[in-house]
Amino acid sequence: MIHYHIIPVDPKAHLFAVTMTVQTPHPKQVFSLPAWLPGSYMVRDFAKNIIDLKATGDNDEPLTLTQLDKQTWSVEHQSTQLTLTYQVYAWDLSVRTAHLDMPHGFFNGSSVFLAAHGYEAGLHTVTMAAPTEPSLNVWRLATSMTRQSGDEFAFGEFCAQSYDELIDHPVEMGLFTQASFEACGVRHDIVLNGRHRAHMPRLCQDLKAICEYQIKLFGTPAPFERYLFMTTVLDNGFGGLEHRASTALMCSRKDLPLSMDAPINNDYRTYLSLCSHEYFHSWNVKRIKPECFLPYQLEAETYTPQLWAYEGITSYYDDFLTYRAGLVDEQSYLDMLSETFTRVYRSQGRFKQSIKDSSFNAWTKFYKQDENAQNAIISYYTKGALFALYLDLTLRIETQGKYNLDDVMSILWQEYALQNRGTTDECHQRIVERLLGRDCQDLFAYLDNTDDIPLAPLLAEFGVELTLRSSQGAQDVGGGTAKGYEIAFGAKTQAAPMGLKVTTVAQGSPAHLAGLSAGDILIAADNLQVTGQFEAQLQHYPLGERLSLHWFRRDELMTGELIIAEAPKDTVALSITDKDKLQAWLGR
């Protein structure tokens with residue numbers, strides 16, 4: 001048996017203290033910490049945060065630890081029990097690693113619990129101890145890990161049947177707000193940490209609708225006995241990471257509802273879609289998963305071209321299910337879908353990287369994006385979502401409504417997840433071919449090539465018109481009927497003390513041709529100081545006119561010429577043209 005004791009020993013220094021005990025260890029016992037965690041496909045080297053690692057044997061005899069690589073250690077001994085002690089520096093305010101300060105603590109097990117090689121499949125128990133700081137004696141603890149002792153939301157004893165399960169139940173601690181609801185007979189808890197004024201009954205009502213719809217979509221019973229939504233509320237934040245019976249989320253205060261009857265605005269809609277996305281992962285990637293994830297190999301990258309199916313399909317369903325659960329109307333859903341289209345159409349990288357390549361290279365190109373990302377890569381989330389839409393509409397049209405993407409997910413659940421089988425690179429195509437009764441290489445070619453997916457004709461079949469227009473500026477995310485700018489600039493900027501700092505530049509744009517690059521400080525155009533209204537002011541110049549630009553690159557003053565050119569039509573708006581036809585897709 002493996003036992004851990006973890007305590008937030010010094011929140012002011014952001015330190016957890018961990019004691020790990022191994023009964024009947026191997027004579028040469030190896031320990032390691034994962035390099036990455038499921039759902040976040042980037043090597044993060046969690047072991048870099050381990051401090052003062054020591055080993056002792058019987059009678060507290062000091063033992064020598066030999067480090068084998070950046071995240072692996074071994075101990076040669078003759079003891080009947082091994083004990084490791086160490087501290088973990090926790091100062092990453094995200095859903096991926098660990099964070100600890102006076103307001104709250106959070107960790108993923110992959111950041112704090114060393115694995116004992118050879119014992120990964122056995123029972124792991126954990127004592128989660130409360131902080132000793134007197135001012136923190138009001139702290140509570142939330143996790144979906146199985147509790148063995150202690151009152152509900154109290155510190156205590158917990159257990160997991162394997163190391164894989166152990167690190168798949170993140171832990172939140174602090175003075176949080178908690179509420180509960182039932183969905184299809186399963187208890188769901190919501191925990192909000194951070195200052196907020198959220199109306200918890202409204203949050204419970206709306207999440208209950210989403211959760212019940214998803215459980216019924218895959219079929220009861222749900223694959224968990226209890227589910228936990230954990231959200232860290234910030235002034236400005238967004239993100240989520242799925243787990244087998246919980247999700248860790250971050251959101252902005254403005255994203256949460258303030259009353260029971262207030263209409264769902266764009267901010268709250270975004271939060272509900274985030275919850276919907278991570279909850280859908282309870283089926284699609286936590287249980288339906290690539291065969292190369294059975295089991296996970298967390299010591300190094302695991303490459304697969306299938307992430308489009310797990311993040312792209314999930315990204316299609318996250319917004320779609322907020323509509324199907326009755327929380328937004330048809331046009332609101334189409335506006336949400338318009339935003340996904342727009343994110344794809346504004347990326348020149350879609351002509352340079354396929355969806356499968358995006359999936360395979362998630363470890364570097366997607367998770368380590370730089371200022372040139374929009375020119376070089378495409379997201380398997382967003383273009384993957386458009387491909388999922390393409391499959392859904394095609395199935396509905398070619399089978400006259402008999403089948404849709406729900407049927408693909410049901411087959412994946414019944415024939416793969418419930419049989420503990422992982423999916424191969426061809427599984428999704430073979431299932432669609434079975435439903436359509438034909439070869440589908442013409443459809444799945446869009447995973448391998450860089451062509452735009454021909455969705456406009458399919459949407460028209462369902463009474464929806466796709467319109468392309470120019471952008472109205474940085475705040476224009478797509479959808480709606482706004483008239484875009486007629487004049488292009490082609491760079492994103494943010495306010496700087498002397499002008500505007502360039503953050504990204506689109507290849508082929510006037511900004512690119514003028515010589516601007518990310519990091520430049522644009523100070524003047526047409527011999528006038530630039531301000532936050534610069535892009536709007538460009539609209540007053542005639543096509544073809546040339547403006548002198550002045551900017552600093554590091555400490556050097558540079559000049560260039562901006563040619564006034566027509567803005568590209570890269571912003572999508574979807575509108576309803578035939579409500580009767582729309583029912584074949586969006587009918588509830």
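Trainee: Which helices are included in what covers the buried residues of helix 12?
Mentor: In this predicted model, helix 12 spans residues 427-436, and 8 of its 10 residues are buried, so the helix is largely enclosed by the rest of the structure. The buried residues are C427, H428, Q429, I431, V432, E433, L435 and L436. What covers them includes helix 5 (307-324), helix 10 (382-398), helix 11 (405-417) and helix 13 (441-448).

Trainee: What phi does G437 take just after helix 12?
Mentor: The residue named here is a glycine, and it follows directly upon the helix whose buried residues include L435 and L436. The phi of G437 is positive, at about 70°.

Trainee: Where is F153 found, and what is its phi?
Mentor: Most residues other than glycine have a negative phi. F153 is found in the loop between strand 14 and strand 15 (156-160), and at 5% relative accessibility it counts as buried, because the limit for that class is under 20%. Its phi is positive although F153 is a residue other than glycine, with a value near 65°.

Trainee: Is D526, which has a positive phi, buried or partly exposed?
Mentor: D526 lies in the loop between strand 26 (521-525) and strand 27 (528-529), and its phi is about 55° although it is not a glycine. Its relative accessible area is 30%, and since buried means under 20% and exposed over 50%, the class for D526 is partly exposed.

Trainee: Which residue does a cis peptide bond join to T220, and where does that residue lie?
Mentor: Most peptide bonds are trans. The bond from T220 has an omega of about 0° and is cis. The residue that it joins to T220 lies in the loop between helix 3 (200-218) and strand 19 (226-234), and that residue is P221.

Trainee: What is omega for the peptide bond from L294 to P295?
Mentor: P295 is found in the loop between helix 4 (266-280) and helix 5. The bond that leads to P295 from L294 is cis, with omega near -10°.

Trainee: How many disulfides does a search of the whole structure find, and how far is the nearest cysteine sulfur from C204 and from C251?
Mentor: A search of the whole structure finds 0 disulfides. C204 is in no disulfide, as the nearest cysteine sulfur, that of C211, is 10 Å away, whereas a disulfide needs sulfur atoms within 2.5 Å. C251 is likewise in no disulfide, with the nearest cysteine sulfur, that of C275, at 8.0 Å.

Trainee: What relative accessible area does C251 have?
Mentor: C204 counts as buried at 10% relative accessibility. C251 is buried as well, and its relative accessible area is 0%.

Trainee: Which strands are the edge strands of the open sheet formed by 8 strands?
Mentor: The strands of this sheet follow the order 5-4-8-2-1-12-15-14, and the pairing is mixed. An edge strand pairs on one side only, and this holds for strand 5 (62-63) and strand 14 (146-147).

Trainee: In strand 12, which residue is the bridge partner of I6?
Mentor: Strand 1 (residues 2-10) and strand 12 (residues 124-128) pair in the parallel sense, and 5 bridges make up that pairing. For I6, the bridge partner in strand 12 is M128.

Trainee: How many residues lie between strand 20 and strand 21 in their hairpin?
Mentor: Strand 20 (residues 239-242) and strand 21 (residues 246-252) run antiparallel and are joined by 4 bridges. One of the bridge pairs is that of G240 with L249 in strand 21. The number of residues between the two strands of the hairpin is 3.

Trainee: What accessible area do I51, Y89 and W91 have together?
Mentor: I51 is found in strand 4 (residues 50-56) and is partly exposed, with a relative accessible area of 34%. With Y89 and W91, I51 forms a nonpolar patch on the surface, and the accessible area of the three together is about 280 Å².

Trainee: Which residues is A514 in contact with, leaving aside its neighbours within four places in sequence?
Mentor: A514 has its place in helix 15 (residues 510-514) and counts as buried at 9% relative accessibility. Its C-alpha atom is separated by 8.0 Å from that of L549, which is 35 residues apart from A514 along the chain. The residues in contact with A514 are L549, W551, G560, E561 and L562.

Key
Residues numbered from 1 in each chain as written. Predicted model: local features only at pLDDT ≥ 70, side-chain atom pairs only at ≥ 80, totals over all residues. Heavy atoms only, no water. Buried < 20%, exposed > 50% of the residue type's maximum accessible area, 1.4 Å probe, protein only. Contact = heavy atoms within 4.5 Å. Pairing = 2+ DSSP bridges. Patch = residues over 30% accessible without salt bridge, like charges linked within 9 Å, V, L, I, M, F, W, Y side chains within 5 Å. Areas by Shrake-Rupley, 256 points an atom, 1.4 Å probe, with all protein chains shown as cover. Salt bridge = Lys/Arg side-chain N within 4 Å of Asp/Glu carboxyl O.
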